[in-house]
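Colleague: Could you take a close look at one part of this protein for me, the paired strands, and set them in their surroundings?

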Amino acid sequence: MLLDETSCVNAQSTKRLCEQLLATHSDKARICVICDNACYYKNKELRAWLTDKPICQVFLSPYSPNLNLSSHA
């Protein structure tokens, strides 16, 4: 498990987390990252940076009540 403490979640903090993933799992051919549909995951600069990296973003469906754990309380 990786942790990147930040005061603001944005494209830059997401890139830092991806850099940690790459460093930790440098032996992997592919790293899948499950993402919600927040705009910082779809940032143009981040997506361009990821193009030659083994990180694959997997986006959740915009409407996924079965994946929202707080709704099952």
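Modeller: Buried residues, meaning those under 20% relative accessible area with a 1.4 Å probe and protein chains only, make up 25% of the 73 residues in the protein chain. This is a predicted model, in which local features need pLDDT of at least 70 and side-chain atom pairs count only at pLDDT 80 or more, while totals for chains, interfaces and linings use all residues. Residues are numbered from 1 along each chain as its sequence is written, and side-chain values use heavy atoms, with hydrogens and water left out.

The protein chain holds 2 helices and 2 strands, in the order α-β-α-β from the N terminus; these elements are DSSP runs, with helices (H or I) of at least four residues and strands (E) of at least two.

Strand β1 covers residues 31-35, and its side chains alternate, with I31, V33 and C35 buried on one face, whereas C32 and I34 point to the other face and are not buried. Its partner is strand β2 (residues 55-59), which runs parallel to β1 and is joined to it by 5 bridges, where two strands count as a pair if DSSP finds at least two bridges between them. Within this pairing, C35 of β1 stands opposite F59 in β2.

F59 has a further neighbour, since K42 lies over the face of its ring, at 5.0 Å from the ring centre; a charge sits over a ring if NZ of Lys or CZ of Arg is within 6 Å of the ring centre and within 35 degrees of the ring normal.

Conventions. Buried means under 20% relative accessible area, exposed over 50%, partly exposed in between (1.4 Å probe, protein chains only).
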